[in-house]
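Q: I have a model open and no idea where to begin. Can we read it together, one feature at a time?

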Amino acid sequence: MVETSPSSSSSSSNQLRIRLAALRNTLATKLPSRVLLPTLSKCYSSLLDSRKLGVLMSIMKDHISQMETEQLSFHQSELTAFFLTALDFRAGHSSEVEGGVIECLMTMVMKLSEFTFRPLFFKLCDWSTAGGPERRLTFFRLCDVMACRLKRLFVLFAPQLVKPLADVLRQTSGSDDLPFQSLEKNCLLLQLDLDCLQKIFLYDSRCFLNRERADALLSPLVDQLENHLGGEQVYQQRVTQHLLPCLGQFSVALADDSLWKTLNYQVLLKTRHSDSKVRPPTLQVTALASRLKENYVVLLPETIPFLAELMEDECEEVQQQVQRVVQEMEKILGQPLQSYF
């Protein structure tokens, strides 16, 4: 019996991977869409293995990337139906394939015009509300990616998302009406919600956050400062990495003195929260001055009394943090604040 050396086995494996990659490329680039797309759809319906579906998505992505505009437009309805089915994989099986499906879908999205993207987006919105909460997880993950890639173009479609995003903020703030039984999934849904909003605010060119939309989002966002969903460690991470960037960008996108005052005052009220663990994160948001810079001067008269109270707080951590906040604000505003106390 002839033994196969490790180096020989490795070489054979490498050759096989190269041949398989070449085969996938040939399928993706040489077969016409009228042949390949129906075949891939049939293959998807018969596959439940996440690894095999990953290969299928890779072929689909490569094929879409080389499609001409007219060809893509002709097959858009067929592709949309395929993606609506593929995005449901999380609900029936797992979330492992979801990233690949979204990346494949984004390959198509990035080739669409505003006019051709519109019907796809509204179909995705309808799809997300027609099923269970698993679809909302997938949809908000997709929206977060689309907002990141499409930037200002995505903001044009964001008004459609105000209510569902605000609803998730409210639903995940309590303990009685949580979307999932799984705590981990509820935390993920909330995180995706905050990240999506942060990007919408970031790319808003003063056309999205009118008073009506700001009013719908302001209180649910500020209330997240006292939402300990997931436990203390998860709360601290969510506040630092997701909520604070979202609220900071929200303040910039408002661009309205009266709305700034409303936001600032609601945040300041949280500094009087009975839970000492809520007050320090609130203080970080009190430094909205870091975002608004010189525009924050108009908010100082109402802010100073709250900071003065916090200097006498029973919690030493809060006292230390308020001192840091005052020093940071003095640097940003370019003036001493001691005279205000």
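Q: How many helices and how many strands are in the chain?

A: Start with the secondary structure. This is a predicted model. The chain has 18 helices and zero strands.

Q: What does the C-alpha trace span along its principal axes?

A: Picture three perpendicular directions through the chain. Here the spans are about 85 × 55 × 40 Å.

Q: What share of the residues counts as buried?

A: A residue is called buried when its relative accessible area is under 20%. The chain has 341 residues, and 45% of them pass that test. Now look at the outside. About 17000 Å² is exposed, and carbon and sulfur atoms supply 51% of that area.

Q: How do I read contacts along the sequence? What percentage join residues at least 24 apart?

A: Set aside the pairs that sit close in sequence. Among contacts between residues at least 6 apart, 72% join residues at least 24 apart.

Q: How many positive and negative side chains are there?

A: Count each sign, then compare where the two sets are centred. The chain carries 36 positive and 39 negative side chains. The centres of these two sets lie 9 Å apart.

Q: Now a single residue. Where is serine 33, and is it buried or exposed?

A: Place it first, then check its cover. Serine 33 belongs to helix H2, which covers residues 33-46. Serine 33 counts as buried because its relative accessible area is 2%, and the cut-off is under 20%.

Q: What does serine 33 touch, and which side chain does it join in a polar contact?

A: Leave out residues up to four places away in sequence. Serine 33 then touches Pro38, His63, Met67, Gln71 and His75. One of these, glutamine 71, also has a polar contact with it: the two side chains are joined at 2.9 Å.

Q: Can we repeat that with a histidine? Where does histidine 242 lie, and is it buried or exposed?

A: Same steps. Histidine 242 lies in helix H13, residues 232-254. Its relative accessibility is 11%, so histidine 242 is buried under the 20% cut-off.

Q: Which residues does histidine 242 touch, and what is its polar contact?

A: Again, skip residues up to four places away in sequence. Histidine 242 touches Gln191, Leu194, Asp195 and Gln237. With aspartate 195, the side chain of histidine 242 makes a polar contact of 2.7 Å.

Q: What is the phi of lysine 151, and where is this residue?

A: Phi is a backbone angle, so check its sign. Lysine 151 is not a glycine, yet its phi is positive, about 55°. It sits in the loop between helix H8 (133-150) and helix H9 (152-155). Lysine 151 has a relative accessible area of 39%, so it is partly exposed.

Q: And what about lysine 293?

A: Lysine 293 also has a positive phi of about 55° without being a glycine. Its loop runs between helix H16 (289-292) and helix H17 (300-310). With a relative accessible area of 44%, lysine 293 is partly exposed.

Q: Which residues of H17 are buried, and what covers them?

A: List the buried positions, then look for neighbours. In H17 they are Leu300, Glu302, Thr303, Ile304, Phe306, Leu307 and Leu310. Their cover includes helix H14 (257-270), helix H15 (279-286) and helix H18 (316-333).

Q: Which residues does UniProt list for "coiled-coil region"?

A: Keep the record and the model separate. An unreviewed UniProt entry lists residues 308-335 under that name. In the model, this span is 75% helix and 0% strand. Its end C-alpha atoms lie 17 Å apart.

Methods
Residues are numbered from 1 along each chain as its sequence is written. This is a predicted model: local features need pLDDT of at least 70, side-chain atom pairs count only at pLDDT 80 or more; totals for chains, interfaces and linings use all residues. Side-chain values use heavy atoms; hydrogens and water are left out. Helices (H or I, at least four residues) and strands (E, at least two) are DSSP runs, numbered from the N terminus. Buried means under 20% relative accessible area, exposed over 50%, partly exposed in between (1.4 Å probe, protein chains only). A polar contact is a pair of N or O atoms within 3.5 Å; within protein, one must be able to donate a hydrogen and the other to accept it, and residues adjacent in sequence count only if both atoms are side-chain atoms. Contact means heavy atoms within 4.5 Å. UniProt positions are given in the numbering used here, feature names are shortened, and annotations may be inferred rather than shown by experiment. Accessible areas come from the Shrake-Rupley method with a 1.4 Å probe; for residues, only the protein chains shown count as cover. Lys and Arg count as positive and Asp and Glu as negative; His and the chain ends are not counted. The place of a charge is taken as NZ of Lys, CZ of Arg, CG of Asp or CD of Glu.
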